[in-house]
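Colleague: I should like to learn how to read side-chain pairings, burial and backbone angles from a set of coordinates. May we go through one structure together, feature by feature?

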Amino acid sequence: MDNLKKRNATFLTIGLIFLLSGIEYAVILPTIWRYLQILEAPPYFLGLGLSAFSLSGLLTGPLFGLWSDRTRTTKSIILFANVFEIVGNFMYFMGYSKWMLLCSRLVAGIGAGAGSSIFSFLTRSTRPEERAGVFAAIMACRQAGLLIGPAFNLFLRLCDFKLGPFVVNKYTSPGIFMCLMWILLQFVVLAMYWDVPPLNSEEEGLMVVELTDDERELLVDPEDALDAYGAVHPDQSETAISSEIQPFQDTSQCPPSPPPSPLPSTGPALGNPFKNFSASREFLREEVVVLLTAQFITLFNQTALETMVTPLTQRCFSFGELGNSLMYGLCGVEVILGFFFVRWLSGQVSDRAVQAAGLVICSTACVWCLIFLADPQGGYSWEMTEFIIGVFLQLLGLPFVAVSQVSLFSKVTAEKTQGFSQGVRRSVGGLATILGPLWAGGLTGNLYLMLGLMLALLIMITVMTALSYSRLVEPKVVQHAQSFDSGGQS
């Protein structure tokens with residue numbers, strides 16, 4: 001099997017991983033509220049249960065990312081992380097007490113931390129211009145899981161039997177179902193996931209790069225290179241060029257040379273990727289701070305609204321498990337269509353324009369919810385219409401912001417430490433998904449306060465994005481010799 005087929009099989013497996021994560025969320029979220037009530041848990045346990053999963057991912061994401069940066073492998077990380085998903089979901093199935101339920105989500109959340117390694121692999125395996133489209137497709141797989149999940153709930157809710165000492169009913173069955181799904185995924189990963197070399201190394205092997213003296217001078221501008229993030233110092237230009245050319249000489253007659261010193265390029269790792277790494281220099285730049293803030297605020301608002309929806313539909317519309325499952329299914333359809341639209345749009349406009357559009361839509365949705373959902377009026381049909389419009393607007397903005405943030409973040413941070421950087425980004429998102437449910441869980445009876453803070457945060461990040469708009473672009477870095485060669489021919 002050639003590397004192209006291996007890469008396609010690997011991308012398909014990654015899509016399945018995100019699909020299962022969406023299914024897990026969709027089959028558990030509609031039932032966990034009633035499950036906790038049966039276990040006599042107080043109302044705030046809903047927020048704790050939803051936040052526990054994110055807490056584990058927050059702590060383990062950077063560790064898995066560090067692991068992938070140092071080893072440049074992800075298959076073993078995914079296999080290891082999936083074990084926690086299997087154990088956590090089985091604990092959810094057991095469900096002896098509210099504390100067992102809480103611990104089950106903590107254990108399962110460890111497995112979610114492997115997402116940082118996956119995004120690191122995708123960054124190294126895609127070109128910058130196609131990256132947003134790839135991220136959109138992968139995220140759409142998770143939303144497809146959210147769409148398919150309610151369909152599984154239609155038959156899981158019919159379960160009513162005993163499996164040895166365990167009771168299988170509509171509340172415990174999602175746990176054993178997801179346990180079996182993650183076990184099956186282990187076999188898929190073993191058979192179809194490959195730690196293929198980064199895209200750049202394959203492209204470099206297709207041609208022998210030959211540069212003239214003039215082109216070598218163009219490779220690094222001594223004045224600009226010092227200011228460019230990740231640029232090569234002028235006295236390293238000969239090393240950078242030779243490292244590109246030498247491997248493609250006649251290797252049958254001479255052994256390969258020792259690798260040169262590590263360069264902050266987009267190629268494969270050479271030596272320790274964290275040599276001369278500075279967290280403050282990497283993450284305290286203006287554009288990175290803006291993107292991490294946007295990540296936090298959008299996920300905080302999203303999870304707060306998700307936490308609010310189930311009690312709201314139960315109180316206002318008397319929705320049960322079936323009603324909530326159907327609602328989440330329809331929401332999944334909208335979000336999947338939104339991701340495919342953003343996949344197309346990302347090829348037409350810049351990532352920062354997509355993010356700006358998403359923030360405007362999210363702000364409009366929050367204003368609508370604050371006006372019409374905080375104190376609904378006008379009877380059942382009118383309240384239902386207000387609710388549907390509010391949810392529609394909120395979900396409409398989600399793909400815009402989600403895809404643009406991940407794509408931009410992968411472009412403004414160093415690729416050699418992308419796993420750790422993606423872990424930090426996901427940890428910031430994990431913190432948001434912890435605080436969001438906790439904030440909303442205690443304020444389901446005071447929507448003005450809950451939605452008011454959410455709107456204030458959206459206004460703040462919109463202003464930050466506007467002020468930093470010129471910096472939300474991929475920095476100009478010296479990457480590979482052949483890119484300048486081809487650029488000179490165009």
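Modeller: Let us begin with a cysteine. This is a predicted model, and in it Cys369 is buried, with a relative accessible area of 4%.

Colleague: How many disulfides does the structure hold?

Modeller: There are zero disulfides. Cys366 takes part in none, and the nearest cysteine sulfur, that of Cys369, is 6.5 Å away. A disulfide requires two cysteine sulfur atoms within 2.5 Å, so this pair does not qualify. Cys366 is also buried, its relative accessible area being 3%.

Colleague: Let us turn to charged side chains. What is the general idea, and how many salt bridges does the structure hold?

Modeller: Side chains of opposite charge can pair when their charged atoms come close. In this model there are seven salt bridges. One of them joins Arg124 and Asp69, with the closest N and O atoms 3.8 Å apart. Arg124 belongs to helix H5 (residues 115–124) and Asp69 to helix H2 (residues 44–71), so the pair ties together parts that are 55 residues apart in sequence.

Colleague: Are Arg124 and Asp69 buried or exposed?

Modeller: Both Arg124 and Asp69 are buried. The setting of Arg124 can be read from its helix: 10 of the 10 residues of H5 are buried, so H5 is largely enclosed by the rest of the structure. Among the buried residues of H5 are Ile118, Phe119, Phe121 and Leu122, together with Arg124 itself.

Colleague: Which parts of the structure does the pair of Asp351 and Lys411 tie together?

Modeller: The side chains of Asp351 and Lys411 meet in a salt bridge at 2.9 Å, N to O. Asp351 lies in helix H15 (residues 351–372) and Lys411 in helix H16 (residues 379–412), so the bridge links parts that are 60 residues apart in sequence. Asp351 is buried at 8% relative accessible area, and Lys411 is buried at 16%.

Colleague: Which residues are joined into one network by salt bridges that share partners?

Modeller: Arg285, Glu286, Glu287 and Arg471 form that network. Within this group, Arg471 forms a salt bridge with Glu286, the closest N and O atoms being 3.7 Å apart. Arg471 is in the loop between helix H18 (447–467) and helix H19 (481–489), while Glu286 is in helix H13 (residues 286–317), so the pair ties together parts that are 185 residues apart in sequence. Arg471 is partly exposed, with a relative accessible area of 40%, and Glu286 is partly exposed at 37%.

Colleague: What else can be said of the loop between H18 and H19?

Modeller: Glu474 has its place in that loop and is partly exposed, with a relative accessible area of 33%. Glu474 and Phe409 are 65 residues apart in sequence, and their C-alpha atoms are 9.0 Å apart in space.

Colleague: How should one read a polar side chain within a helix?

Modeller: An α-helix has 3.6 residues a turn, so residues three or four places apart point the same way. The case to consider is Thr303, which lies in helix H13 and is buried, with a relative accessible area of 10%. A polar atom of the Thr303 side chain lies 2.8 Å from the backbone oxygen of Leu299. The Thr303 side chain also reaches the backbone oxygen of Phe300, at 3.2 Å.

Colleague: Which residues does Thr303 touch, not counting those up to four places away in sequence?

Modeller: Thr303 touches Ala432, Thr433, Gly436 and Pro437.

Colleague: Which residues make the nonpolar surface patch of about 390 Å²?

Modeller: The patch is made by Leu180, Ile183, Phe187 and Leu190. Ile183 lies in helix H7 (residues 173–192) and counts as partly exposed, at 32% relative accessibility.

Colleague: Finally, how does one read the sign of phi?

Modeller: Most residues other than glycine have a negative phi. Glu40, although not a glycine, has a positive phi of about 60°. Glu40 is placed in the loop between helix H1 (3–38) and H2 and counts as exposed, at 69% relative accessibility. Arg72, likewise not a glycine, has a positive phi of about 55°; its place is in the loop between H2 and helix H3 (75–94).

Terms used: Residues are numbered from 1 along each chain as its sequence is written. This is a predicted model: local features need pLDDT of at least 70, side-chain atom pairs count only at pLDDT 80 or more; totals for chains, interfaces and linings use all residues. Side-chain values use heavy atoms; hydrogens and water are left out. A salt bridge is a side-chain nitrogen of Lys or Arg within 4 Å of a carboxyl oxygen of Asp or Glu. Helices (H or I, at least four residues) and strands (E, at least two) are DSSP runs, numbered from the N terminus. Buried means under 20% relative accessible area, exposed over 50%, partly exposed in between (1.4 Å probe, protein chains only). A polar contact is a pair of N or O atoms within 3.5 Å; within protein, one must be able to donate a hydrogen and the other to accept it, and residues adjacent in sequence count only if both atoms are side-chain atoms. Contact means heavy atoms within 4.5 Å. Patches are made of residues with over 30% relative accessible area and no salt bridge: like charges are joined within 9 Å, nonpolar side chains (Val, Leu, Ile, Met, Phe, Trp, Tyr) within 5 Å. Accessible areas come from the Shrake-Rupley method with a 1.4 Å probe; for residues, only the protein chains shown count as cover.
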